[in-house]
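User: I should like to understand how the descriptive terms applied to this structure are justified. Please set out the criterion in each case before drawing a conclusion.

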Amino acid sequence: MDITIRAASLCDAQDLFQIHTQPHVVKNTLQLPYPTQEMWHQRFSNEQNNQSSFRLVAEINKPEKPSQVIGNIVFEVLQNARLRHTLDFGMAVDINFSGLGVGTTLVAAMIDMADNWLNIRRIQLEVYRDNETAIALYKKFGFEVEGTRQDYAYRDGQYVDALLMARIKH
Ligand SMILES: CC(C)(COP(=O)(O)OP(=O)(O)OC[C@H]1O[C@@H](n2cnc3c(N)ncnc32)[C@H](O)[C@@H]1OP(=O)(O)O)[C@@H](O)C(=O)NCCC(=O)NCCS
């Protein structure tokens with residue numbers, strides 16, 4: 001696949017809205033079903049005023065067709081003065097392109113930013129215990145499980161545990 005990684009812009013809001021309404025994304029994130037397009041535009045506007053927040057998109061280049069955003073990763077440098085070595089992140093890939101390496105490309109791009117441009121020591125996240133794909137993806141990049149948040153979120157009528165994972169740059 002011919003994929004470009006670039007910074008997100010307001011014109012990506014429609015493609016990202018479409019990805020974030022997909023059931024596998026709602027299931028595996030903290031989003032509620034039925035997000036609105038206005039919410040996505042608002043979120044983008046807020047991010048563009050926040051210099052510690054970054055969103056990268058993966059765009060597929062198709063011959064003789066308009067390019068399409070098929071995944072994204074959003075990461076934020078914590079602003080507490082003693083936590084500025086730490087990055088939080090979240091991500092999602094279009095279900096129609098899952099298992100093809102898009103998530104791997106996005107995580108690699110974030111880690112390059114973190115290690116080589118932002119001087120980040122610790123990258124952290126929470127992931128639902130049953131999200132095997134995401135856990136395998138993060139372990140591939142050296143993330144380790146640090147603990148469990150029991151009954152972390154309410155999802156489709158049940159509580160679900162989350163794993164705390166982090167990667168330390170040595
Ligand atoms: C998690 C997610 C971002 C992965 O994106 P992706 O583009 O499918 O990931 P990749 O194709 O790069 O695969 C990454 C790794 O996941 C693992 N993986 C892929 N498909 C898998 C599957 N069906 N079952 C278990 N593991 C799987 C593999 O280890 C793979 O690495 P490898 O191919 O080198 O062995 C995507 O599934 C997604 O958007 N899920 C919903 C939202 C979400 O879970 N966000 C993260 C919340 S913490």
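Analyst: A polar contact is a pair of N or O atoms within 3.5 Å; within protein, one atom must be able to donate a hydrogen and the other to accept it, and residues adjacent in sequence count only if both atoms are side-chain atoms. The model is a predicted one, in which local features need pLDDT of at least 70, side-chain atom pairs count only at pLDDT 80 or more, and totals for chains, interfaces and linings use all residues. Residues are numbered from 1 along each chain as its sequence is written, and side-chain values use heavy atoms, with hydrogens and water left out.

User: What makes the pairing of N131 with the ligand a polar contact?

Analyst: A polar side-chain atom of N131 lies 2.7 Å from an oxygen atom of the ligand, and the limit is 3.5 Å, so the pair qualifies. The backbone also takes part: a polar backbone atom of V93 is 2.7 Å from a ligand oxygen, and a backbone N or O atom of M91 is 2.8 Å from a ligand nitrogen. On its own the ligand has 960 Å² of accessible area (Shrake-Rupley method, 1.4 Å probe; for residues, only the protein chains shown count as cover), and the protein covers 72% of it.

User: Which elements give two or more residues to the shell around the ligand?

Analyst: They are helix 2 (23-28), strand 4 (86-93), helix 4 (102-116), strand 5 (122-128) and helix 5 (132-140). Helices (H or I, at least four residues) and strands (E, at least two) are DSSP runs numbered from the N terminus. Helix 5 gives the most, with six residues.

User: What is the make-up of the shell by class?

Analyst: The shell has eleven nonpolar, nine polar and two charged residues. Here Ala, Val, Leu, Ile, Met, Phe, Trp, Tyr, Cys and Pro count as nonpolar, Asp, Glu, Lys and Arg as charged, and the others, Gly among them, as polar.

User: Why is R155 called buried?

Analyst: Buried means under 20% relative accessible area, exposed over 50%, and partly exposed in between (1.4 Å probe, protein chains only). R155 has 18%, and therefore counts as buried. R155 belongs to strand 6 (residues 144-155), and its side chain makes a polar contact of 2.7 Å with the side chain of D130. Contact means heavy atoms within 4.5 Å; leaving out residues up to four places away in sequence, R155 touches K27, N28, Y128, D130 and V160.

User: Why does F17 count as buried?

Analyst: F17 has 15% relative accessibility, so this residue is buried. F17 lies in helix 1 (residues 13-20) and, beyond residues up to four places away in sequence, touches P35, T36, Q37 and W40.

User: Why is S53 placed in the buried class?

Analyst: The relative accessibility of S53 is 14%, and therefore S53 counts as buried. S53 is in strand 2 (residues 53-60); apart from neighbours within four places in sequence, its contacts are E47, V74, F75 and E76.

User: How do you know that the radius of gyration of the chain agrees with that of a compact globule?

Analyst: The radius is taken over C-alpha atoms, and the globule rule is 2.2 Å times the number of residues to the power 0.38. For 170 residues a compact globule would have a radius near 15 Å; the chain has 16 Å, which agrees. Of the 170 residues, 41% count as buried. The chain comprises five helices and seven strands.
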